Amino acid sequence: MLTNIIKNVSVAVGLGSFIYLLNGISGSVEVLHPQEIISVWIASMMIGFASMLHYTNLSQLFVTLIQLAVGITSFTIIALFNGRIALTSVDILSFASLTLIIMLIIYTVSYIIVLIESKKINNKLGNK
């Protein structure tokens, strides 16, 4: 159980850090503040902890929806806290929508990678 927590949180923090780095490269983050980096790690960790639900008997769809909700909520709160977005419904909904799109892209790429690896394994097992 502890191994799965460490693995999921590490992957989530790695993805969150990578996305934050991409924001820095694109110019949308001009100055890196320790507070912002730590808050990205915290939001990413929350998603990692939500990933632990994949090891329960809950349906895959329900777990994915919880993960999306945790991610969108965490990153939106962090963006508000760090002053990246204003406390207006338009800014909050725009940011949450963008976060959802990014998360869906990550889920889709991860799903495709798992499918490809699964087919490779099935082909190797079929050849024996």
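These exercises walk you through a predicted model, each with a worked solution.

Residues are numbered from 1 along each chain as its sequence is written. In this predicted model, local features need pLDDT of at least 70, side-chain atom pairs count only at pLDDT 80 or more, totals for chains, interfaces and linings use all residues, and side-chain values use heavy atoms, with hydrogens and water left out.

**Exercise 1. The overall fold**

Find how many helices and strands the chain has, and the pattern they follow.

*Solution.*
- Step 1: The chain has four helices and zero strands. Helices (H or I, at least four residues) and strands (E, at least two) are DSSP runs, numbered from the N terminus.
- Step 2: Along the sequence, the pattern reads α-α-α-α.
- Step 3: The C-alpha trace spans about 60 × 30 × 30 Å along its principal axes.
- Step 4: Of the 128 residues in the chain, 26% are buried. Here buried means under 20% relative accessible area, exposed over 50%, and partly exposed in between (1.4 Å probe, protein chains only).
- Step 5: Among contacts with a separation of 6 or more, 65% join residues 24 or more positions apart. A contact means heavy atoms within 4.5 Å.

**Exercise 2. Helix spans**

Set the span of α2, α3 and α4 beside the expected value for each.

*Solution.*
- Step 1: The expected span is 1.5 Å times one less than the number of residues in the helix.
- Step 2: α2 has 18 residues and reaches 26 Å from its first C-alpha to its last, close to the expected 26 Å.
- Step 3: α3, with 22 residues, reaches 31 Å, close to the expected 32 Å.
- Step 4: α4, with 38 residues, reaches 54 Å, close to the expected 56 Å.

**Exercise 3. The buried side of α3**

Which helices do the buried residues of α3 pack against?

*Solution.*
- Step 1: Begin with the buried residues of α3, among them Leu68, Ile72, Ser74, Phe75 and Ile78.
- Step 2: The buried residues of α3 pack against α2 and α4.
- Step 3: Now look at α2, whose buried residues include Val40, Ala43, Ser44 and Ile47.
- Step 4: In α4, Ala96, Thr99 and Met103 are buried, and what covers the buried residues of α4 includes α2 and α3.
- Step 5: Just beyond the helix, α3 is followed by Gly83, whose phi is positive, near 75°.

**Exercise 4. Two neighbours in α3**

Why do Ser74 and Phe75 count as buried, and which residues do they touch?

*Solution.*
- Step 1: Ser74 sits in α3 (residues 60-81), and Phe75 lies in that helix too.
- Step 2: Ser74 counts as buried because its relative accessible area is 12%. Phe75 counts as buried because its relative accessible area is 19%.
- Step 3: Not counting residues up to four places away in sequence, Ser74 touches Ala43 and Met46.
- Step 4: With the same neighbours left out, Phe75 touches Val40, Ala43, Ser44, Ile47, Phe95 and Thr99.
- Step 5: The side chain of Ser74 also reaches the backbone oxygen of Val70 at 2.7 Å.

**Exercise 5. Gln35 and Leu80**

Are Gln35 and Leu80 buried, partly exposed or exposed, and what are they in contact with?

*Solution.*
- Step 1: Gln35 is found in α2 and is partly exposed, with a relative accessible area of 44%.
- Step 2: Leaving aside neighbours within four places in sequence, Gln35 is in contact with Phe81 and Asn82.
- Step 3: The Gln35 side chain makes a polar contact with the Asn82 side chain (3.0 Å). A polar contact is a pair of N or O atoms within 3.5 Å; within protein, one must be able to donate a hydrogen and the other to accept it, and residues adjacent in sequence count only if both atoms are side-chain atoms.
- Step 4: Leu80 has its place in α3 and is partly exposed at 29% relative accessibility.
- Step 5: Beyond its neighbours within four places in sequence, Leu80 is in contact with Ile85, Ala86, Leu87 and Ile92.
- Step 6: Leu80 and Ile92 are twelve residues apart in sequence and 8.2 Å apart in space, C-alpha to C-alpha.
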